[in-house]
Amino acid sequence: MVSVSGEEEQQPFWSGRPVIDCDLHNEVPSLEALKPYLADHWCAYVEESAFRGPDADDYPKGAPTSIRPGLEWEGEVEEQLALMRKQVLDPLQVEFGLLDCSYRVQGVHDPELAAALSSAINRWQAEHWLDRDLRLRASIVAPTQNAVLAAREIDRWGADPRFVQAVMPVRSLIPYGNRIYDPIYEAAVRHDLVLGIQFGGAPGHPPTPSGWLSTYLEEYAAMAQVFQSQVTSLIVEGVFDRFPDLRVALIEAGCSWMPSLMWRLDKEWRGLRRDIPWVKRPPSDYIRQHIRLTLQPVDAPPSPGQLLEVIGQLDSDEMLMFATDHPHWHFDRLEEAFPTGLSESLARRVLAENARAFYRL
Amino acid sequence: MATAITSRQVPTGGKRSRLEVIDCDIHNIIPSNETLYKYLPERWRRHHQRFGLRGHLGGYYPRALMNAARHDAWPPSGLPAGSDLDFMRKQLLDAYDIRYGILNCLYGAGGQLNLEYGAALARAINDWQIADWLEPEPRLRASIIVPYEDGDLAAAEIDRVGDHPGFVQVLLLVRTNEPLGRPRYRKIYQAALRHQLPVGIHFGGAGAGPITGAGWPSHYIEDHGGMPQAFQAQVISLVCEGVFEQFPSLQVALVEGGFAWMAPLMWRLDHCWRKLPEEIPTLRHPPSTYVRRHFWFTTQPMEEPPQPRYFRQLLEHMDADDRMMFATDYPHWDFDSPENAVPAGLSLELRKKIMSENARSLYGLD
């Protein structure tokens with residue numbers, strides 16, 4: 001973010017550099033869009049029970065963060081895709097754009113319905129998005145609250161090279177380091193897919209260790225702490241020791257908190273590693289090897305120099321992956337979507353090469 | 001920089017010149033359930049004997065060491081670590097020549113489901129603190145224990161003992177039933193201000209739900225290492241709910257929460273506020289302004305970046321040189337020694353602020 005820097009590079013950041021956007025939201029407009037892909041039984045259920053979708057509200061429709069101010073839309077696919085092309089894919093000459101569907105099947109308590117919705121969404125993604133724009137890649141939506149059913153859905157799409165990751169919401173019923181999720185990780189590794197952890201989710205318990213916050217703003221801000229809890233869990237509970245090839249992307253998590261978590265976890269590990277003998281290396285090693293962050297929102301400090309310091313504190317050129325988080329609002333002009341002052345080689349890595357390697361694009 | 005448990009050094013006076021030390025986090029432990037009997041009225045003494053503590057159960061992670069205490073902090077008297085004043089004098093106050101030490105008793109009164117029982121316990125604990133700690137030892141100060149899930153009961157206890165010169169803050173635990181900006185807690189802040197006391201929020205507590213926003217983890221290291229997430233949630237709530245607009249002179253000490261997360265949290269909150277100001281119209285300034293004006297941090301356990309320059313950057317990003325206060329967390333396993341906890345390379349001026357001056361200012365000590 002350079003909106004406050006007062007400096008401008010002479011060329012826009014995308015000029016002469018490949019760009020991969022790792023976080024584009026494609027939204028299921030309504031259940032109607034999924035009905036063609038749902039069995040008769042589920043269509044009747046939805047009809048009779050007046051089920052309108054998961055009990056989740058990660059992106060309130062009218063909130064300025066959910067959709068850039070000044071945009072009014074109905075959200076039909078044609079409209080979403082046209083806007084995505086106009087605002088991101090075309091002007092940035094995006095080589096690959098990764099769709100990050102946030103339909104919260106994980107908030108549906110009936111696991112069979114959650115699984116049916118997931119399959120429907122993935123078919124809808126393939127037909128309405130991937131078939132229409134060859135630059136797009138997609139995330140497998142799966143009922144990750146039930147690892148066996150989720151693995152089945154991942155297996156269904158794992159051979160389609162256009163699906164490059166499986167996604168789960170950061171707010172879970174039980175943290176993702178727990179062994180109950182192992183079938184999901186086995187499936188991800190089997191198909192060489194990234195596991196994406198997304199902003200949001202509605203597991204039914206409070207979003208903080210201290211209860212329910214009053215406002216969406218607070219919940220948005222506090223989502224970074226849930227990411228911190230998941231990173232801690234994945235490492236401490238040994239996921240990367242059980243699955244050394246697993247790769248995890250944190251999507252729309254913010255980035256600037258990561259160094260402080262690394263320092264804290266390394267210190268915890270030095271003090272308490274006898275409790276978790278399977279964790280053989282400092283947690284920050286696992287983070288740098290297995291975890292990546294999408295860029296927006298950056299949650300940048302007020303001075304660009306301080307942002308460069310924070311990026312330096314990651315001690316890695318590989319962890320950040322460019323993303324606009326379209327159509328969510330984090331910057332006013334495209335020029336502001338990328339930090340200034342990065343070295344040419346780091347800029348190229350963040351804009352495309354880190355994602356290319358991580359997602360095998 | 002926690003000293004290794006197995007190789008604890010005897011303080012030597014060291015190469016660095018001795019600075020005055022105020023220790024902002026010492027735990028005085030109630031030696032046994034019977035200790036409180038004489039401070040409890042008959043009705044609650046009976047309850048205490050028959051039913052005992054009942055909070056939100058199911059959140060227990062066995063700690064690395066018994067009572068989370070240093071091996072060598074168990075006194076020869078056979079009492080539990082942290083419960084023997086003579087031994088605490090010898091091992092902590094005298095050994096490190098500590099000018100003032102602030103007691104934070106973590107017995108659990110505030111987390112009781114039976115609120116009246118919690119209030120009775122809080123009264124008993126505070127009376128015990130006066131009799132067994134504050135009166136015999138002039139170097140000690142204490143935090144007022146309150147049943148913080150009930151604003152009226154908590155305020156009554158603050159009013160009862162708030163003017164005792166030995167009490168220097170009101171103590172809350174970070175895992176509360178609701179975020180601390182919610183209206184139910186306002187009477188606590190009001191009462192604290194009536195007695196010119198800061199509010200301390202300490203590591204721990206049982207809350208009313210899982211200890212992460214992602215559910216229950218499996219290991220103590222996630223409980224212990226996850227505490228900064230609870231602190232961040234409380235900062236978000238206190239600032240965004242406008243508590244500091246309502247109480248402009250309220251000061252809040254974050255005790256044993258770490259601090260490396262503070263600058264990134266301020267940046268994130270400021271960005272959120274710029275995008276969604278209409279949701280919290282009571283704020284007249286960016287959230288970071290309130291953080292800088294109202295929060296203080298104790299040092300233990302401090303995050304330890306691998307490079308000294310990262311630590312300097314961290315301090316610059318926080319811009320809170322006047323707000324960091326040294327703490328040992330005695331007698332717990334992750335004790336920080338006054339002699340070597342603060343990283344080398346800080347200016348003498350800053351070390352003085354951290355070791356004593358900031359705490360002196362917050363707690364009004366001479």
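This passage describes the sheets of chains A and B, the contact between the two chains, and two loop residues in a predicted model.

In chain B, eight strands form an open sheet in the order β1-β2-β3-β4-β5-β6-β7-β8, with parallel pairing. The edges of this sheet are formed by β1 (21–26) and β8 (324–325) of chain B, each of which pairs on one side only. Strands of a sheet pair through backbone hydrogen bonds, in either a parallel or an antiparallel sense. Within the sheet of chain B, strand β3 (residues 140–145) and strand β4 (residues 167–173) are joined in the parallel sense over four bridges, and B:Ile145 stands opposite B:Leu171 of β4(B).

Further along the order, β6(B) pairs with a strand on either side. Four bridges join β5(B) to β6(B), and these two strands run parallel; here B:His202 stands opposite B:Val255 in β6(B). The pairing of β6(B) with β7(B) is likewise in the parallel sense and extends over three bridges, with B:Leu254 opposite B:Phe297 in β7(B). In a regular strand the side chains alternate between the two faces of the sheet. In β6(B), B:Val252 and B:Leu254 point one way, B:Ala253 and B:Val255 point the other way, and all are buried. Helix α10 (residues 287–294) of chain B lies across β6 (252–255) and β7 (295–298) of chain B, and runs at about 60° to β7(B).

Helix α11 (residues 308–318) of chain B has buried residues that include B:Tyr310, B:Phe311, B:Leu314, B:Leu315 and B:Met318, as well as B:Gln313 and B:His317. The residue that follows α11(B) is B:Asp319, whose phi is positive, near 55°.

Chain A also contains an open sheet of eight strands, in the order β1-β2-β3-β4-β5-β6-β7-β8 and with parallel pairing. Its edge strands are β1 and β8 (320–321) of chain A, each pairing on one side only. Despite the edge position of β1(A), six of the six residues of this strand (residues 19–24) are buried, so β1(A) is largely enclosed by the rest of the structure. The pairing of β1(A) with strand β2 (residues 94–99) of chain A is in the parallel sense, over four bridges, and places A:Ile20 opposite A:Phe96 in β2(A). At the other edge, strand β7 (residues 291–294) of chain A and β8(A) pair in the parallel sense over two bridges, and the bridge partner of A:Leu293 in β8(A) is A:Leu320. Helix α5 (residues 147–157) of chain A packs on the sheet, where it touches β3 (136–141) and β4 (163–169) of chain A, and the direction of this helix makes about 155° with that of β3(A).

The contact between the chains takes 66 residues from chain B and 70 residues from chain A. The size of an interface is often given as the accessible area lost when the parts come together. For chain B and chain A the buried area is about 5500 Å², with carbon and sulfur atoms giving 60% of this area. B:Ile221, B:Arg268 and B:Lys275 supply 15% of the area that chain B buries against chain A, more than any other three residues. Between the two chains there are 28 residue pairs in polar contact and three salt bridges. In a salt bridge between the chains, the side chains of B:Glu304 and A:Lys267 meet at 2.6 Å, N to O. On the side of chain B that touches chain A, the elements giving two or more residues are α6 (220–225), α7 (227–240), α9 (262–275) and α11 of chain B.

Two loop residues that touch the partner chain were examined further. B:Thr212 is placed in the loop between β5 (199–202) and α6 of chain B, and its relative accessibility of 6% lies under the 20% limit, so B:Thr212 counts as buried. A polar atom of the side chain of B:Thr212 lies 2.8 Å from the backbone nitrogen of B:Ala214. Beyond its neighbours in sequence, B:Thr212 touches A:Pro175, A:His205, A:Pro209, A:Ser229 and B:Pro217.

A:Trp212 is found in the loop between β5 (194–198) and α7 (216–236) of chain A. With a relative accessible area of 43%, A:Trp212 is partly exposed. Its contacts, leaving aside residues up to four places away in sequence, are with A:Gly204, A:His205, A:Pro206 and A:Pro207 and, across the interface, with B:Pro179 and B:Arg182.

Conventions:
Residues numbered from 1 in each chain as written. Chains lettered and ligands numbered in written order. Predicted model: local features only at pLDDT ≥ 70, side-chain atom pairs only at ≥ 80, totals over all residues. Heavy atoms only, no water. Pairing = 2+ DSSP bridges. Contact = heavy atoms within 4.5 Å. Axes fitted to C-alpha atoms, helices over the stretch in contact; angles between N-to-C directions. Buried < 20%, exposed > 50% of the residue type's maximum accessible area, 1.4 Å probe, protein only. Buried area = accessible area lost by both parts, 1.4 Å probe. Salt bridge = Lys/Arg side-chain N within 4 Å of Asp/Glu carboxyl O. Polar contact = N/O pair within 3.5 Å; in protein donor to acceptor, adjacent residues only side chain to side chain.
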